[in-house]
Amino acid sequence: MTILLFVMLGLFVFMMFRRNKKTQQQQAEMQSKFAPGVDVMTSFGLFGRIVSIDEAENKVVIELSPGNQATVHRQAVTKVVEATPEEAPVVPDDASSLTPAQTEAPAAVETPEETIARLNKEDKKDN
């Protein structure tokens, strides 16, 4: 029984080290993609473009919007954002898109007497 316990403990420790090694490899691969001009996301949700990287101090300067820059630790940059191709908007050849399309029939208009009768029926149902 104790042998089985030690085998399970050894397997657990092996899997833990394996997972850590895989995570470190993925992080190193992602950080190798860092270069000025790459769009990234930080661990706290800021999106921006890398302006410069200071390898000695592990700092990255990110441009959040034109004229606004933030300096963050290199490990705070957690994701390289891939640009998706944008689809061109469809423009019709005629003026049909200038008027709203009617998809539903216009609602029936109630007369004041019909409205009062409907409200009285609803009030009686509630009591």
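pLDDT is the predictor's confidence in each residue, on a scale from 0 to 100. What you have here is a predicted model, and its mean pLDDT is 84, with 88% of the residues reaching 70 or more. Among the elements of the chain, strand S4 has the highest mean value, 94, and helix H2 (residues 112-126) has the lowest, 86. A word of caution goes with any such model: where pLDDT is low, the predicted coordinates should not be read in detail.

Let's start with the overall layout. The chain has two helices and five strands, and from the N terminus on they run α-β-β-β-β-β-α. Of the 127 residues, 13% are buried. If you look at contacts between residues at least 6 apart in sequence, 32% of them join residues at least 24 apart.

Now for the sheet. The five strands make an open sheet in the order S4-S3-S2-S1-S5, with antiparallel pairing. Strand S4 (68-73) and strand S5 (77-80) are at the edges with a single partner strand each, so one side of each has no neighbour in the sheet. On average, neighbouring strands are turned by 45° against each other, ignoring direction.

Walk through the pairings and you can see how the sheet is put together. S1 and S2 form a hairpin with four residues between them, and Gly45 in that turn has a positive phi of about 95°. Three bridges join these two antiparallel strands, and Met41 sits opposite Phe47 in S2. Moving along, S2 (residues 47-54) pairs with S3 (residues 59-65) over five bridges, again in the antiparallel sense. There, Asp54 is opposite Lys59 in S3. S1 also pairs with S5, antiparallel and through three bridges.

Strand S1 is a good place to slow down. In a regular strand the side chains alternate between the two faces of the sheet. S1 has a covered face with Val40 and Thr42, while Asp39 and Met41 are on an uncovered one. Take Thr42 first, which lies in strand S1 (residues 39-42). How buried is Thr42? Its relative accessibility is just 2%, and since the cut-off for buried is under 20%, Thr42 counts as buried. Its bridge partner in S5 is Val77. Leaving out residues up to four places away in sequence, Thr42 touches Ile62, Ala76, Val77 and Thr78.

Follow Val77 from there and you arrive in the nonpolar core. The largest such core has 11 residues: Met30, Phe34, Val38, Val40, Ile50, Val60, Ile62, Val72, Ala76, Val77 and Val80. S3 and S5 each supply at least two residues of this core. Val77 itself touches Met30, Phe34, Val40, Met41, Thr42, Val60, Ile62 and Val72, again without counting residues up to four places away in sequence.

On the charged side of things, the structure holds five salt bridges. One of them pairs Asp39 with Arg49, with the closest N and O atoms 3.0 Å apart. This pair links distant parts of the chain, as Asp39 is in strand S1 and Arg49 is in strand S2, 10 residues apart. Neither end is buried: Asp39 is partly exposed at 28% relative accessibility, and Arg49 is partly exposed at 39%.

Another salt bridge joins Glu57 to Lys59, and here the closest N and O atoms are 3.3 Å apart. You've already met Lys59, the residue in S3 that stands opposite Asp54. Lys59 is partly exposed, with a relative accessible area of 38%, and Glu57 is partly exposed too, at 48%.

Finally, take a look at helix H2. The side chains of Glu122 and Arg118 meet in a salt bridge of 3.4 Å, N to O. Why are they about one helical turn apart? Glu122 and Arg118 are four residues apart in H2, and that spacing comes to about one turn. Glu122 counts as partly exposed at 36% relative accessibility, and Arg118 is partly exposed at 35%. The pair also belongs to something wider: salt bridges with shared partners join Glu110, Arg118 and Glu122 into one network.

Methods:
Residues are numbered from 1 along each chain as its sequence is written. This is a predicted model: local features need pLDDT of at least 70, side-chain atom pairs count only at pLDDT 80 or more; totals for chains, interfaces and linings use all residues. Side-chain values use heavy atoms; hydrogens and water are left out. Two strands pair if DSSP finds at least two bridges between them. Axes are lines fitted to C-alpha atoms, for helices over the stretch in contact, and angles run from 0 to 180 degrees between N-to-C directions. A nonpolar core is a set of buried Ala, Val, Leu, Ile, Met, Phe, Trp, Tyr and Cys residues joined through side-chain atoms within 4.5 Å. Buried means under 20% relative accessible area, exposed over 50%, partly exposed in between (1.4 Å probe, protein chains only). Contact means heavy atoms within 4.5 Å. A salt bridge is a side-chain nitrogen of Lys or Arg within 4 Å of a carboxyl oxygen of Asp or Glu.
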